[in-house]
Amino acid sequence: MTDAYLARIGKLIRDARQHRGWTQSQLAEALGTSQSAVNRIERGNQNISLDMIARIGEALDSEIVSLGYAGPMHLRVVGGRRLSGSIDVKTSKNACVALLCATLLNAGRTTLRRVARIEEVYRILEVLGSIGVRTRWINDGNDLEIVPPAELDLAAMDTEAARRTRSVIMFLGPLLHRMDHFKIPYAGGCDLGTRTVQPHMTALRHFGLEVTATDGTYHAQVDRSVAPTRAIVLTERGDTVTENALLAAARHDGVTVIRNASSNYMVQDLCFFLEELGVRVEGIGTTTLTVHGVATIDRDVDYAPSEDPVEAMSLLAAAVVTESELTIRRVPVEFLEIELAVLEEMGLDHERSPEYPANNGRTRLLDLTVRPSKLRAPIDKIHPMPFPGLNIDNVPFFAAIAAAAQGQTLIHDWVYDNRAIYLTDLNRLGADVKLLDPHRVLVEGPTRWRSAEMMCPPALRPAVVVLLAMMAAEGTSVLRNVYVINRGYEDLAERLNSIGAQIEIFRDI
């Protein structure tokens, strides 16, 4: 191998090791070699065999280390198996990425507990690392420590990583307090049709931010003489729009009122975190937030984001479509109450434990046991609404659930331009899903699921819905190129296997 190739391989190994939260010594122990040998490999100063590359890839469970090529990951699913036992809900992906963006407000050290180890988080960490923020996994890789530099180096930003996540748009709110001129790449993420960023710009203009978009980049300029003189009314009650406004208001030395604000789970977690930073937020859980900002934030803080209600809904749907009895622990019930009310109407047999607090001390959790049920289609259509309505990200799971129910269910996904279209992929697995228009599908059940081989839809939640249907289908199915699932779920295949699924991860050679 050439020196340049060895250096490239070494960088890939180092990045994969850091993503797993391992030290060089831990990797060396797994490989049966020395820490100094791992150090030489990562610096590109050690000849390395193909066998050793394969062993490192297996140890790190990383598609990054595969002959130097990041090949796609696929899933082979043996369906028709019943799930059983219990499974814990992981922390919220959407809260974690918002909190990572929020650490840019703080000059001190931030420790986030049980951070979701997912591709979306890794992309944000790559962006933060490229501009000078020090991050490291601690406590056996469960927690994350973030230490910002005195000055950010935005010119060195990893634009490739930034373009692979929509969350980078939330850099605007913190950065407008740190510099007068800056630029960030266009936000990416799921293929869900056109998502306007205009509501972000409208909200942040109250803080003197003006943005022009050219050549795939947002060019930002801040006028320090501009500050909110009246309540900011958001033109869209969106989660990231509200979060961006909160991030801007947190370092504004004064009182900011935000109206038509989202009160969803990730917004509440961000508010709780801002309070740890010394920012007082009134109205948490309502559509009017009053933020008492502070000009300077320099605190060492320790915060535990709450559990993910959308993952909880995913696991609930897995139990329903596989006709299983399953206990889902640490369910953030206040963000699933409408979904559970609809499922009760459909005939879901389930049991709830008494409520208890999450580690943030604020979010209400319970354990939910789901049993095999004879479901019937709901009388009303399934459609999302801002919290406390049915969660936008939970709508796709009702397609799989409706396919298991008796009768016709109308699903109206009005928020996204084309996400409903991806739900017709369930027809490949035996479902009867009719596309009425780009936002509405009619699902006829019950379904006799059948196995199939197919490409993963490019949108996160429909992709998981297809995986759940494969778990219900007798025979062996293959779901190809599941990167989008890894963006939002940590070790989903392994965790489903722990409760009785049979899902094999494989890659093309």
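Which residue takes a positive phi in the hairpin of β4 and β5, and how many residues lie between the strands? In this predicted model, the residue with the positive phi is N139, at a value near 55 degrees, and the hairpin has four residues between its strands.

**View 1. The hairpin of β4 and β5, with N139 at a positive phi.** Strands β4 and β5 run antiparallel and are joined by five bridges. Within this pairing, W137 has L144 of β5 as its bridge partner. L144 is also the bridge partner of L112, a pairing that belongs to the antiparallel association of β3 (residues 110-112) with β5 (residues 143-147), where three bridges are found.

**View 2. The open four-stranded sheet β4-β5-β3-β13.** The pairing in this sheet is mixed, and the twist from one strand to the next averages 15 degrees. The edges are occupied by β4 (134-138) and β13 (301-303), each of which has a single partner strand, so that one side of each is left without a neighbour in the sheet. Helix α11 (residues 265-276) lies across β3 and β13, and its direction makes an angle of about 155 degrees with β13.

**View 3. The surroundings of L99 in helix α5.** L99 belongs to the helix that spans residues 93-102, and with a relative accessible area of 0% this residue is buried, since the cut-off for that term is under 20%. When its neighbours within four places in sequence are left aside, L99 is in contact with L112, D269, L270, F273, Y303 and P305. By C-alpha positions, L99 and A213 are 26 Å apart in space, with a separation of 114 residues in sequence.

**View 4. The open four-stranded sheet β21-β22-β1-β23.** Here too the pairing is mixed, and the average twist from one strand to the next is 20 degrees. Because β21 (453-455) and β23 (502-507) stand at the edges with a single partner strand each, one side of each has no neighbour in the sheet. Strand β21 runs parallel to β22 (residues 475-480), to which three bridges join it, and M454 has L479 of β22 as its bridge partner.

**View 5. L479 and the largest nonpolar core.** This core comprises 154 residues, of which F171, F182, L479 and I485 touch the most other members. The element that gives the most to the core is helix α16 (residues 460-472), which contributes 11 residues. Apart from its neighbours within four places in sequence, L479 is in contact with H74, L75, M454, M455, C456, A463, V466, L467, M470 and I485. Another core, of 15 residues, lies apart from the largest one and includes I9, I13, A59 and L60.

**View 6. The packing of helix α2 against helix α3.** Helix α2 (residues 24-31) and helix α3 (residues 35-42) pack at an angle of about 105 degrees, and their axes are 8 Å apart. Angles of 65 to 115 degrees count as roughly perpendicular, and the two helices are therefore described in that way. On the α2 side the contact is made by Q24, S25, L27 and A28, and on the α3 side by Q35, V38, N39 and E42. Sorted by character, the residues of this contact comprise three nonpolar, four polar and one charged.

Methods:
Residues numbered from 1 in each chain as written. Predicted model: local features only at pLDDT ≥ 70, side-chain atom pairs only at ≥ 80, totals over all residues. Heavy atoms only, no water. Core = buried A, V, L, I, M, F, W, Y, C linked by side-chain atoms within 4.5 Å. Buried < 20%, exposed > 50% of the residue type's maximum accessible area, 1.4 Å probe, protein only. Contact = heavy atoms within 4.5 Å. Axes fitted to C-alpha atoms, helices over the stretch in contact; angles between N-to-C directions. Parallel < 35°, antiparallel > 145°, perpendicular 65-115°, else oblique. Nonpolar A, V, L, I, M, F, W, Y, C, P; charged D, E, K, R; others polar. Pairing = 2+ DSSP bridges.
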